[in-house]
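Charged and nonpolar side chains at a protein surface can be read one feature at a time. How should a learner go about it?

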Amino acid sequence: MACELLGQSFDIHGGGADLQFPHHENEIAQSEGANGQAMASIWMHNGFINVDNVKMSKSLDNFFTIREVLKLYAPEVVRFFVVRSHYRSALNFSDAHLDDARASLKRLYTALHAVPPADVTIDWQDAYAARFKAAMDEDFGTPEAVAVLFELAAEVNRTQSAQLSGLLKALGGVLGLLQSHPQDFLQAGSEVDEDHIQTLINDRAQAKASKNFAEADRIRKALSDMGVVLKDSAQGTQWERA
């Protein structure tokens, strides 16, 4: 099957940590004996998936398919949840961990939303980019690479630099992250009609202009109860999902 789909020799072969021996050794012996050349250049063995600290297993009836997970969480949130851990480490799946991943990813998108990113081509000599690359070159070290993204986001918030914001987006793109429009991500998942939200925001602005602060506070709380968070700035009021 591998030869038919990928050729007699290919770049990366993956599999679970439990397949290192003897399964993959047998596969190497058979393939290289038959073809006379290296089967794969890199062998990557991922850690097990646990569910609430218990190994995922059909026999334990704690098995989830990716289709089931994607009914509850956006694909980018699931991707971010995975890359925050090293591929060889055990991955502990739970709703709490996915909720935390969504909240963390939201922090990165918030930086991009506050400072619209410039169109940036990555300069790998840049200090942030160089550290990101070094992490990825060291056994696909995605946790360290993600840590660089958060440091960069903090610097974007501090300096309000569109260039750094652009670098944040570009480096995120290496991992398949941060490519959505920030507002689309921050507002995704709200079950309230967007037009209704905007109407309430406009009503709140009118209440504040009339110095009816009690009504303005009531509207803010009503939106909060709907799962909507308001962000006031000199440019106006924006909203995002809680």
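The dialogue below goes through salt bridges, contacts and surface patches in this predicted model.

Q: What is the general idea behind a salt bridge, and how many salt bridges does the count come to here?

A: Side chains of opposite charge can pair when their charged atoms come close. With a cut-off of 4 Å between a side-chain nitrogen of Lys or Arg and a carboxyl oxygen of Asp or Glu, the count comes to 10 salt bridges.

Q: Which residue forms a salt bridge with Asp-139, and what does the pair tie together?

A: The partner is Arg-88, with 2.6 Å between the closest N and O atoms. Asp-139 sits in the loop between α6 (127-137) and α7 (142-159), while Arg-88 sits in the loop between α4 (75-83) and β5 (91-93), so the salt bridge ties together parts that are 51 residues apart in sequence.

Q: Is Asp-139 buried or exposed?

A: Neither label fits. Buried means under 20% relative accessible area and exposed means over 50%; Asp-139 has 29%, so Asp-139 counts as partly exposed.

Q: Which residues does Asp-139 touch, leaving out those up to four places away in sequence?

A: Asp-139 touches His-86, Tyr-87 and Arg-88. For His-86, the C-alpha atom is 8.9 Å from that of Asp-139, although the two residues are 53 residues apart in sequence.

Q: Where do Arg-131 and Glu-151 lie?

A: The two residues form a salt bridge, and their closest N and O atoms are 2.8 Å apart. Arg-131 belongs to helix α6 and Glu-151 to helix α7, so this pair ties together parts that are 20 residues apart in sequence. Arg-131 is partly exposed at 38% relative accessible area, and Glu-151 is partly exposed at 37%.

Q: Which salt bridge has both residues in helix α6, four residues apart?

A: That is the pair Lys-133 and Asp-137, whose side chains meet at 2.8 Å, N to O. The spacing of four residues is about one turn of the helix. Lys-133 counts as partly exposed because its relative accessibility is 38%, whereas Asp-137 is exposed, with 54%.

Q: Which residues are linked in a network of salt bridges?

A: Arg-204, Arg-220 and Asp-232 are linked in this way.

Q: Which residues gather in a patch of negative charge on the surface?

A: A patch here takes in residues with over 30% relative accessible area and no salt bridge. The negative patch holds Asp-184, Asp-193, Glu-194 and Asp-195. Asp-193 is placed in the loop between α9 (182-187) and α10 (194-209). With a relative accessible area of 46%, Asp-193 is partly exposed.

Q: Which residues make the nonpolar surface patch?

A: Met-1, Leu-5 and Leu-6 make a patch of about 420 Å². Leu-6 is part of helix α1 (residues 2-6). At 53% relative accessibility, Leu-6 counts as exposed.

Q: Where is Asp-95 found, and how far is its C-alpha atom from that of Tyr-73?

A: Asp-95 lies in helix α5 (residues 95-114) and counts as partly exposed, at 44% relative accessibility. Its C-alpha atom and that of Tyr-73 are separated by 9.4 Å, and the two residues are 22 residues apart along the chain.

Key
Residues are numbered from 1 along each chain as its sequence is written. This is a predicted model: local features need pLDDT of at least 70, side-chain atom pairs count only at pLDDT 80 or more; totals for chains, interfaces and linings use all residues. Side-chain values use heavy atoms; hydrogens and water are left out. Patches are made of residues with over 30% relative accessible area and no salt bridge: like charges are joined within 9 Å, nonpolar side chains (Val, Leu, Ile, Met, Phe, Trp, Tyr) within 5 Å. Accessible areas come from the Shrake-Rupley method with a 1.4 Å probe; for residues, only the protein chains shown count as cover. Helices (H or I, at least four residues) and strands (E, at least two) are DSSP runs, numbered from the N terminus. Buried means under 20% relative accessible area, exposed over 50%, partly exposed in between (1.4 Å probe, protein chains only). Lys and Arg count as positive and Asp and Glu as negative; His and the chain ends are not counted. The place of a charge is taken as NZ of Lys, CZ of Arg, CG of Asp or CD of Glu. Contact means heavy atoms within 4.5 Å.
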